[in-house]
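Hi,

Here is the structure I promised to pass on. Have a look at it first, and my notes on what turned up follow below.

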Amino acid sequence: MIVRLGYILSILCTIVQCEHHETPKTHIAIIGAGIGGIATAYWLKYYLNDSVAITIYESDQVGGRLRTLNIDEVEYEAGGTIIHDKNLYMKRLVDELGLKQLNHQSSFSYLITDDGSQTLFSTLSRYIPSIFHVIWRYGLDAFRFKFWLDKKLSNFLRIYDYQDNGRTFETVEEFLQMLDQDFYAATRYSFRKYLFEKGFHKRFIDEIAQMATLVNYDQSVDAINAFPGLVSLMASGSTLWHVEGGNYLVPKKMLENLLKQSDVQFVKGYVKSVAETHRIDVDDQGGNVRLSYQPSTSDLVNSVDYDHIVIAFPLHRDNIADFVVQATDSFYQYDYRMQSTHANFLHGKLDCQKYNLTDDECQRLNAIFYTKSSLPYRCVAQQQPVNLNEEQNKKPDKSVYKIFSPEELNLLHYEQIFDKENFKLIQDIPWLAYPKYEHPQKLPPIQINKNIFYLNAMEWSSSCMEIEVISARNIALLVAKKLGVELKHSDKHVEF
Ligand SMILES: Cc1cc2nc3c(=O)[nH]c(=O)nc-3n(C[C@H](O)[C@H](O)[C@H](O)COP(=O)(O)OP(=O)(O)OC[C@H]3O[C@@H](n4cnc5c(N)ncnc54)[C@H](O)[C@@H]3O)c2cc1C
């Protein structure tokens with residue numbers, strides 16, 4: 001009897017054990033806790049739920065190129081600043097996280113100058129509406145540009161429907177081509193040539209297009225290819241916003257929420273290499289790719305195996321030697337480079353005399369854009385604190401300005417912009433800000449090899465927060481498809 005009972009119990013135990021035997025989880029490492037890396041974790045959890053275990057590695061600050069600078073107890077955006085009104089993923093994340101959108105100075109008064117010696121165009125006049133100035137200076141180009149750009153933008157917006165319905169792309173070329181045949185073609189030519197062939201006139205290209213590409217990517221219409229050129233132009237004339245408290249709050253809060261879920265880990269450390277391993281036994285917990293990292297608290301290098309790895313930071317010629325990725329030769333073969341951009345913060349008073357501005361105009365002047373690309377600076381703009389709305393921001397006690405420049409500036413440069421007696425440098429923040437674009441553009445692979453994905457390949461189409469989130473969703477979809485996960489159809493609403 002006792003023997004029988006033992007036998008029955010052992011069978012029961014086996015059944016119970018079988019029932020509780022968990023399906024093996026897919027282990028994924030994400031390297032980089034910027035908006036792109038954190039958004040990848042978010043979408044992976046969305047599609048794969050409890051069947052995925054995620055480890056996020058970060059060597060520096062969560063948020064990466066999104067961060068603020070504190071000046072006299074007030075925070076200002078120091079990296080990625082403005083978000084386009086049609087950037088639907090950023091909007092959606094801000095909503096879900098309970099954050100708030102603040103409009104970016106709509107009553108912006110600015111002037112465009114070539115080298116700082118004379119005004120080419122300005123929105124400062126109280127008596128003549130800007131629209132008349134626009135028509136007078138740029139003729140029909142101003143209207144054609146708006147109409148044509150709206151059409152391009154509506155083609156770009158197709159990405160949301162595609163992704164809601166589970167569509168993926170395996171290369172950056174495919175991404176561009178599925179939205180608009182012209183987008184990939186645009187990466188082949190300089191922005192100047194592209195606009196010229198579309199019938200835009202020299203003045204419009206030299207002033208409006210040049211201002212847009214210099215401000216957004218610190219690169220001229222002759223150097224940059226036409227796709228990031230188009231993205232730069234889309235920002236002009238649209239409603240722009242930022243996140244109350246700082247754009248970095250999006251990745252920061254997303255990470256906080258992710259860490260509340262099971263199987264999400266955050267590791268502070270520098271990843272030194274990733275390499276494919278040869279898996280002998282499929283049931284082995286080993287994984288397919290090996291990641292080696294140095295924790296921030298130790299000199300020792302640890303190695304961990306994963307099923308998939310997502311590289312969520314840009315690989316370029318200045319960091320490729322430190323980060324060993326066993327991959328195709330494409331990174332060594334092609335010379336991917338980043339644009340160095342300094343964000344110089346100053347207190348000061350703009351020198352309005354050289355533009356013959358009245359006191360009233362000088363008071364209202366928020367920004368100056370320089371279109372001569374050989375100048376050492378691109379623009380100077382009064383800064384809006386990240387936690388004040390436009391109303392509260394109308395009369396800042398002490399003006400804070402930000403100058404973008406490709407190199408470090410000296411005293412002489414500041415004196416060319418500000419009233420000599422009236423400026424003080426607060427901080428110069430150097431960035432490797434965005435890819436250095438070229439034409440024809442070499443586009444890096446999204447899938448470096450079977451199990452290694454490269455999120456920032458998409459940045460070589462154009463660099464902005466929204467593109468990183470689009471890329472993150474694409475990688476999550478590629479992984480989900482690889483694992484045979486049935487995708488939700490038209491999953492428009494995403495929640496934590
Ligand atoms: C000055 C400036 C202005 C900008 N303006 C705008 C704007 O107005 N609007 C807009 O949409 N975008 C703007 N951008 C671009 C935008 O900020 C970026 O496209 C976006 O933030 C990039 O996010 P990411 O997560 O892909 O990369 P990153 O933010 O660069 O994050 C990558 C992370 O990886 C980490 N990392 C790197 N190597 C390793 C390693 N080996 N091991 C572990 N961790 C590692 C880094 O520390 C970093 O935190 C701007 C950028 C700059 C610099």
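The residues in the shell around the ligand split into 18 nonpolar, 13 polar and four charged. Keep in mind as you read that this is a predicted model. There are 35 residues around the ligand, and the ones that come nearest are Gly32, Gly34, Gly36, Gly64 and Gly80. If you want to find the shell by element, look at helix H2 (35-48), strand S2 (52-58), strand S10 (264-276), strand S15 (338-350), S19 and helix H16 (465-482), each of which gives two or more residues to it.

Where does the ligand lie with respect to domain 1 and domain 2? It lies between them, because both domain 1 (6-64 + 248-336 + 441-482) and domain 2 (68-246 + 338-435) give residues to the shell.

H16, one of those shell elements, is worth a look in its own right. It has 18 residues and reaches 26 Å from its first C-alpha to its last, close to the 26 Å expected at 1.5 Å a residue. The helix is mostly covered, with 15 of its 18 residues buried. After H16 comes Gly484, which has a positive phi, near 75 degrees.

Next, the sheet. Seven strands form an open sheet with mixed pairing, in the order S8-S7-S16-S17-S18-S15-S19. At its edges are strand S8 (119-122) and strand S19 (418-435), each of which pairs on one side only. On average, neighbouring strands here are turned by 20 degrees against each other, direction ignored. S15 and S19, both in this sheet, also turn up among the elements that give residues to the ligand shell.

You can follow part of the sheet strand by strand:

- Strand S7 (residues 110-113) runs parallel to strand S16 (residues 367-370), with four bridges between them. Leu111 has Ile368 of S16 as its bridge partner.
- S16 then pairs with S17 in the antiparallel sense, over three bridges. Here Ile368 has Val380 of S17 as its bridge partner, so to speak a link in both directions, given its pairing with Leu111.
- Strand S17 (residues 379-382) is joined to strand S18 (residues 400-405) by four bridges, and these two run antiparallel. The partner of Cys379 in S18 is Phe404.

A few backbone details in the loops also caught my eye. His439 and Pro440 are joined by a cis peptide bond, with omega about -5 degrees. Pro440 sits in the loop between S19 and strand S20 (447-449).

Then there are two residues with a positive phi that are not glycines. Asp218 has a phi of about 55 degrees and is found in the loop between helix H10 (202-217) and helix H11 (226-235). Asn356 has a phi of about 50 degrees and is in the loop between S15 and helix H14 (359-364).

Is Asp218 buried or exposed? It has 23 C-beta neighbours inside 10 Å, and 20 or more are needed to count as buried, so Asp218 is buried. And is Asn356 buried or exposed? Asn356 has 9 such neighbours inside 10 Å, so it counts as exposed, the cut-off for that being 12 or fewer.

Cheers

Technical notes:
Residues are numbered from 1 along each chain as its sequence is written. This is a predicted model: local features need pLDDT of at least 70, side-chain atom pairs count only at pLDDT 80 or more; totals for chains, interfaces and linings use all residues. Two strands pair if DSSP finds at least two bridges between them. Axes are lines fitted to C-alpha atoms, for helices over the stretch in contact, and angles run from 0 to 180 degrees between N-to-C directions. A residue is near a molecule or strand if its C-beta atom, placed from the backbone, lies within 6 Å of it. Ala, Val, Leu, Ile, Met, Phe, Trp, Tyr, Cys and Pro count as nonpolar, Asp, Glu, Lys and Arg as charged, and the others, Gly among them, as polar. Domain bounds come from an automatic or database domain assignment. The expected span of a helix is 1.5 Å times one less than its number of residues.
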